[in-house]
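Trainee: I should like to work through this model with you, question by question. Please show me the sequence and the structure before we begin.

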Amino acid sequence: MDQELSEMQREDVPPQEDDAPDAVPVPHLLVPHLNETAMLLDIDGTLLDLAPTPREAWVPPGLAKTLNGLLEKTSGALALVSGRSLNDIDLIFAPEQYPAIGGHGAEMRLSADGDAVSITPPLDKELKRRLAEIARISPGILLEDKGYSLALHYRLAPHAKDAIDAAIALIRADMPDAAVEVLPGKCVFEIKPAGFTEANGVRALMRQAPFAGRRPLFIGDDVTDESVFEIMPEMKGLAFSVGRRARGVNGYFDAPRDVRAFLANLLDDATGAPTR
């Protein structure tokens, strides 16, 4: 299987100067191994195109059908992995529900109809209040309260990035006992309790049925996904980034549309007939 999975990557692209990976998986070579594979998929910037605000994220026609088909073909071993809360994920994909890791590992659901399990307590209320005041720095800064974390989005106010960063640093210095960490992402700073990561969430997920004993295939795009990229080798898994040539991955996709096309083609090959 190792040799066949290594052949899943396309090798007809010239090497890059920085020796970054440039291969993408070939769908039909993965089909025989779907019963041994756990598919782990980031959402924003991976499955979905990035939107100006989190609430404007949009699920393209056909994506839910593709995910449902692959969920069946993997016997339930497909999970969404996101910084969004499980409630937010469900709203975006409604009426569908999927196994998922939410909040960068703060909560988890092992099956589409399963119960959510919280792994970390909510962020301190006083700390949230202080951080929420940062949104007053400039119009266009959007506040997203996820319960266990708080995100400050500045896609609509890119000029405010440094001011937001400095304000967060001042609050952390003023509250040294608050055990938190800051996750910088694509036009966002997210503040969450220290001690849990997406990688920890994936490790926990991969110990549970139907994921246990399978080889993970993870696709993600942001710096917040890098902790999962890093643990794929220990699980003999494959990792692919989106929109950039992240180090330590097996290859990359140019854009979310290419990820969606790959997944649709994978389902087509698995069913023996076009699904679109």
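Trainee: What covers the buried residues of α4?

Mentor: This is a predicted model, in which local features need pLDDT of at least 70 and side-chain atom pairs count only at pLDDT 80 or more, while totals for chains, interfaces and linings use all residues. Residues are numbered from 1 along each chain as its sequence is written, and side-chain values use heavy atoms, with hydrogens and water left out. Helices (DSSP runs of H or I, at least four residues) and strands (E, at least two) are numbered from the N terminus, and contact means heavy atoms within 4.5 Å. The cover over the buried residues of α4 includes α3 (63-73), β2 (78-81), β3, β4 and β6.

Trainee: How many of the residues of α4 are buried, and which are they?

Mentor: Buried means under 20% relative accessible area, exposed over 50%, and partly exposed in between, with a 1.4 Å probe and protein chains only. By that criterion α4 is mostly covered, with six of its eight residues buried. These are L86, D88, I89, D90, I92 and F93.

Trainee: Which residue meets D90 in a salt bridge?

Mentor: A salt bridge requires a side-chain nitrogen of Lys or Arg within 4 Å of a carboxyl oxygen of Asp or Glu. For D90, the N to O distance in the pair is 2.8 Å. The pair links distant parts of the chain, 19 residues apart, from helix α4 (residues 86-93) to strand β4 (residues 107-109). Both partners are buried, and the partner of D90 is R109.

Trainee: Which residues are linked with D88 in a network of salt bridges?

Mentor: D88 is one of the buried residues of α4. The salt-bridge network that contains D88 also includes D44, R55 and R84.

Trainee: Which residues of the loop after α4 and of strand β4 meet in a contact?

Mentor: P99 is found in the loop between α4 and β3 (100-102), and P99 is buried, with a relative accessible area of 1%. Leaving aside neighbours within four places in sequence, the contacts of P99 include L71, L78, L80 and F211. Strand β4 covers residues 107-109, and the contact in question joins P99 and R109.

Trainee: Which two elements does the salt bridge between K128 and D145 tie together?

Mentor: The closest N and O atoms of K128 and D145 are 2.8 Å apart. The residues are 17 apart in sequence, so the pair ties together separate parts of the chain. K128 counts as buried, at 14% relative accessibility. The elements are helix α5 (residues 125-132) and strand β6 (residues 142-145).

Trainee: In the pair E181 and K192, is K192 buried or exposed?

Mentor: The closest N and O atoms of this salt bridge are 2.5 Å apart. E181 lies in strand β8 (residues 180-185) and K192 in strand β9 (residues 188-193), so the pair ties together parts that are 11 residues apart in sequence. E181 is partly exposed, at 25% relative accessible area, whereas K192, at 1%, is buried.

Trainee: How many salt bridges does the structure hold?

Mentor: Side chains of opposite charge can pair when their charged atoms come close. The pairs discussed here include R109 with D90 and K128 with D145. For the structure, the number of salt bridges is 14.

Trainee: What percentage of the 276 residues in the chain is buried?

Mentor: The chain contains nine helices and 12 strands. Its C-alpha atoms fill a box of roughly 55 × 45 × 35 Å, taken along the principal axes. The buried share of the 276 residues is 53%.
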